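Reader: Could you walk me through this structure, taking the contact between the chains, the aromatic rings and one of the pockets in turn?

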Amino acid sequence: MVIETNELICSGIYGMDAGGEDGTFTTNFGFEIIDNMASSKIEMTYHGADNEKEPLAYLKTTLKFWVDEAHMNTEAVERILFSVKYQSSFMLFMLYQKFSGLNIQNYRLISLPDEAFYHAIGDKIAHVTLEFNDSGNYSFPF
Amino acid sequence: MEYKGLAVQMEAFEFTEDLHVTNANECEVDFDLNVKVLNGQIVSMMDMQYYSIHKPLTPLASLRTSMKLWVSPNIPDVSCSERVLYSLKMQHRYSCFMLYQKLKPLNLQNFYLPTPSDEEFFKVVKSQTMADLIFDVNGKYIVSF
């Protein structure tokens, strides 16, 4: 049984040295929990301004991990938040290495703030209140 | 570059920094990283201990993680060095997170878990045949996520 499904789409236009034109970077995040298994799906797409139909880079990952739906406390939500953050971080790194191989420079890959992930995870999990700083990031002490 | 038989790289460093908690008891965290490169496979083992300086023989929390990753045959390229560095950093972050959650039930507050610089991580894993990376004056790699 799906207890939560939300999607978050974040788009932006960033300078990119691919023919001297701007590119568009899009992150799409979907999350659900079914029978104590969390499934986090993230898609990242980078389009050159001169070709909106064929992305220069596209990446999709799905991360699955166990959660205890009956004990969704602060620690459990922190584990979910930490997991999706580093799923995103890993994808940004892979995109960076794709671009390095294409000799593309001056691009920007923007990570979503922790708070955006937290809200996208869903209302049933977000009943556990986490505090974020002004930049929308959670205060992990490391 | 070729790896032949035995380990071509094995170094370790210790990273210790004083920490403070709200109850004014002084605590420390010890961090040991040991890396082996063997036949194109890197094995990274991290030990972290968090303890009160008054009870150095009884850690409040202790953690060991081991990570194995394959490196490509054309290891002397920058991309491969970046992947190794990124993997070590993520292993460390994950270890810190687990340690943080272990410590939370102890009601320790205002603690922090120090992170070695990117350059320190790379010094440990760097073999003679691995491509160099450039770090800034703070030891941070020019690209970070």
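Author: What follows is a short conversation about a predicted model, with its chain contacts, rings, a pocket and a few single residues.

Reader: Let's begin with the contact, then: how many residues of chain A are in contact with chain B?

Author: On the side of chain A there are 17 residues in contact, and they meet 18 residues of chain B. The area buried between chain A and chain B is about 1800 Å², and carbon and sulfur atoms give 61% of that area.

Reader: Which three residues supply the most of the area that chain A buries against chain B?

Author: Those are Phe93(A), Pro141(A) and Phe142(A), which supply 36% of the area that chain A buries against chain B, more than any other three residues.

Reader: Turning to the rings, how many aromatic pairs are there over all chains?

Author: The count comes to 20 aromatic pairs over all chains. One of them joins Phe93(A) and Tyr86(B), whose ring centres are 4.2 Å apart and whose planes stand at 5°, and because planes under 30 degrees apart count as stacked, this pair is stacked. The pair crosses between chains, with Phe93(A) in helix 1 (residues 74-101) of chain A and Tyr86(B) in helix 1 (residues 78-103) of chain B.

Reader: And is Phe93(A) buried or exposed, and what about Tyr86(B)?

Author: Phe93(A) has 6% relative accessibility and therefore counts as buried. Tyr86(B), at 9% relative accessibility, also counts as buried.

Reader: Which residues form the aromatic cluster?

Author: One aromatic cluster is formed by Phe82(A), Tyr86(A), Tyr118(A), Phe132(A), Tyr138(A) and Phe140(A) from chain A, together with Tyr94(B), Phe97(B) and Tyr100(B) from chain B.

Reader: Now the second largest pocket, please: how many residues line it, and which lie nearest its centre?

Author: The second largest pocket holds about 440 Å³ of space. Its lining has 21 residues, and those nearest the centre are Leu63(A), Phe82(A), Ser83(A), Tyr86(A) and Tyr94(B). Phe82(A), Tyr86(A) and Tyr94(B) also belong to the aromatic cluster.

Reader: What supplies that lining, and how does the lining divide by class?

Author: At least two residues each come from strand 4 (57-66) and helix 1 of chain A, and from strand 4 (61-70) and helix 1 of chain B. Helix 1 of chain A gives the largest share of the lining, with 8 residues. By class, the lining has 12 nonpolar, 7 polar and 2 charged residues.

Reader: Changing topic, how many residues of helix 2 of chain A are buried?

Author: Helix 2 (residues 114-121) of chain A is mostly covered, as 6 of its 8 residues are buried. These are Asp114(A), Ala116(A), Phe117(A), Tyr118(A), Ala120(A) and Ile121(A). Just after this helix, Gly122(A) takes a positive phi of about 130°.

Reader: Could you finish with two single residues: where is Met37(A), and where does His92(B) lie?

Author: Met37(A) is in strand 3 (residues 37-48) of chain A, and with a relative accessible area of 28% Met37(A) is partly exposed. Not counting residues up to four places away in sequence, Met37(A) touches Glu32(A), Lys64(A), Phe65(A) and Trp66(A). His92(B) lies in helix 1 of chain B and, at 1% relative accessibility, counts as buried. With the neighbours up to four places away in sequence again left out, His92(B) touches several residues, among them Phe31(B), Met46(B), Met48(B) and Phe121(B).

Terms used:
Residues are numbered from 1 along each chain as its sequence is written. Chains are lettered from A and ligands numbered from 1 in the order in which they are written. This is a predicted model: local features need pLDDT of at least 70, side-chain atom pairs count only at pLDDT 80 or more; totals for chains, interfaces and linings use all residues. Side-chain values use heavy atoms; hydrogens and water are left out. Buried means under 20% relative accessible area, exposed over 50%, partly exposed in between (1.4 Å probe, protein chains only). Helices (H or I, at least four residues) and strands (E, at least two) are DSSP runs, numbered from the N terminus. Rings of Phe, Tyr and Trp (its six-membered ring) pair if their centres lie within 6.5 Å; planes under 30 degrees apart count as stacked, over 60 as edge-to-face and the rest as tilted. On a 1 Å grid over the protein atoms alone, a cavity is a set of points where a 1.4 Å probe fits but cannot get out, and a pocket is an open set with protein on both sides within 12 Å along at least five of seven lines; lining residues have an atom within 4 Å of a point. Grid points are joined across faces, edges and corners, and a volume is the space filled by probe spheres set on the points. Ala, Val, Leu, Ile, Met, Phe, Trp, Tyr, Cys and Pro count as nonpolar, Asp, Glu, Lys and Arg as charged, and the others, Gly among them, as polar. Contact means heavy atoms within 4.5 Å. Buried area is the accessible area (1.4 Å probe) that two parts lose on being put together, summed over both.
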